[in-house]
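Reader: I'd like a close look at a single part of this protein, with enough of the surroundings to make sense of it. Could you take me through it in plain words?

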Amino acid sequence: MKPVLKLYRGYANEEELIVMGHVFKPTTKEDYDFQKKKFRNAKSVIRMFRVKTQGNADVYLEREGIKIHTKTLDDGYFKFCIPIKEVLGYGWMDYRVSIFHEGEEISVKGSYVRPHTGTLGFISDIDDTFLVSHTRNPFKKLYILLFRNVNDRKIFDGVVPHYQALSSSGRNKKDEKNAFFYVSSSEWNLYRFIVQFTELHQLPRAVMLLKDIKTSLTDFFITGRGDHNHKFEKIKHILEFYPNLCYTLLGDDSQEDPYLYENICKIFPINVKAVYIRQTGKSKKSKAVATMKNIESLGVEVCYFQDSNEAIEHSKRIGLIK
């Protein structure tokens with residue numbers, strides 16, 4: 001049996017390349033199959049949260065004909081932050097990482113993005129922002145995660161045309177897209193599910209920044225909950241990594257998005273153009289309404305909406321999309 005190497009989408013600016021992934025201990029179990037139904041789907045999902053990671057494993061990134069060596073952290077996660085000397089292209093490019101097992105090289109290809117020159121960046125939450133997840137009801141959320149496969153999971157009406165319009169806003173060339181990031185309190189365990197869901201619905205290809213991997217069944221029952229500081233730090237990191245972009249933040253009111261986004265707007269008073277918050281309950285939350293008003297007082301466009309068509313109309317009105 002061989003260890004398993006998983007890579008995630010990386011990203012680069014003029015000076016640095018960041019790529020990351022996990023190394024898992026050898027297993028005979030097949031990869032999670034997103035097409036399975038009911039109990040077979042539940043079994044696969046639970047298995048995803050019982051993965052065994054490999055700490056301190058040797059990992060090699062191939063750059064410019066040389067292999068850069070690092071080791072995984074205690075939870076099997078690795079991250080290469082590499083200074084760039086050569087001139088990179090723009091858009092999505094490939095990278096390659098390898099590990100060794102009993103003298104045999106296991107090599108996997110991943111992709112990273114260096115956004116095309118432009119002015120717009122978009123950062124979106126996932127659960128209950130575009131993927132219907134019922135975060136406000138933990139039992140329902142868990143039930144859907146277990147018993148609905150990727151084809152049965154629902155996306156909010158209007159999200160796809162809105163996100164596609166944002167992705168190509170201000171772009172004349174079809175293959176050039178704006179920088180898109182999905183930042184979530186979901187864990188790396190769900191990475192492949194999220195990739196497949198976004199591809200299925202033709203959402204913009206994005207860098208994903210998720211929460212530390214879970215490796216036990218106990219952890220599974222509190223998936224996507226708990227401390228949201230990780231989201232704040234990840235969003236802050238993106239704005240610091242690409243300081244010349246003008247950002248639109250998209251989230252929902254089921255958890256902490258309005259308040260996280262308010263703090264981001266306070267710290268980066270020039271960088272945020274607009275904040276969109278989806279209403280997930282029957283009525284707007286008074287605290288979220290007050291927060292959005294405060295964000296607006298910072299000169300940021302705000303839209304607290306129930307239907308994505310409201311968000312699309314707002315984006316047109318402020319000139320974000322045509």
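Reader: Is Gln202 buried or exposed? Once that's settled, please zoom in on helix α3 and tell me which of its residues are buried.

Author: Sure, and keep in mind that this is a predicted model. Gln202 is exposed, because its relative accessible area is 57%, and the cut-off for exposed is over 50%. You'll find Gln202 in the loop between α4 (191–200) and β10 (207–211). Its backbone is a bit of an oddity: phi is positive, about 55°, although the residue is not a glycine. Most residues other than glycine have a negative phi.

Now for α3, which spans residues 159–168. Its buried residues are Val159, Val160, His162, Tyr163, Leu166 and Ser167. Looking down the axis of α3, you'd see these buried residues fall within an arc of 165°, so they line one face of the helix. The general idea is simple: an α-helix has 3.6 residues a turn, so residues three or four places apart point the same way.

What sits over that face? The cover includes the strands β8 (120–124), β9 (179–187), β11 (246–252) and β12 (272–278), along with helix α9 (308–317). Just past the end of α3 comes Gly170, with a positive phi of about 75°.

Strand β8 gives us a nice way into the contacts, since Ser124 lies in it. Ser124 counts as buried because its relative accessibility is 0%. Leaving out residues up to four places away in sequence, Ser124 touches Tyr163, one of the buried residues of α3. Ser124 also touches Thr129, Phe130, Phe181, Tyr182, Val183 and Leu250.

Follow the chain on from β8 and you get into the loop that leads to α2 (138–147), which is where Asp128 sits. Asp128 is another residue other than glycine with a positive phi, this time near 65°. Unlike Gln202, which is exposed, Asp128 counts as buried because its relative accessibility is 5%.

Stepping back to the whole protein, there are nine helices and 13 strands. The radius of gyration is 20 Å, close to the 20 Å that the globule rule gives for 322 residues, so the protein is as compact as a globular protein of that length. Buried residues make up 55% of those 322. And if you take contacts between residues at least 6 apart in sequence, 72% of them join residues at least 24 apart.

Terms used: Residues are numbered from 1 along each chain as its sequence is written. This is a predicted model: local features need pLDDT of at least 70, side-chain atom pairs count only at pLDDT 80 or more; totals for chains, interfaces and linings use all residues. Side-chain values use heavy atoms; hydrogens and water are left out. Buried means under 20% relative accessible area, exposed over 50%, partly exposed in between (1.4 Å probe, protein chains only). Helices (H or I, at least four residues) and strands (E, at least two) are DSSP runs, numbered from the N terminus. The arc is that of the directions from the helix axis to the C-beta atoms. Contact means heavy atoms within 4.5 Å. The radius of gyration is taken over C-alpha atoms; the globule rule is 2.2 Å times the number of residues to the power 0.38.
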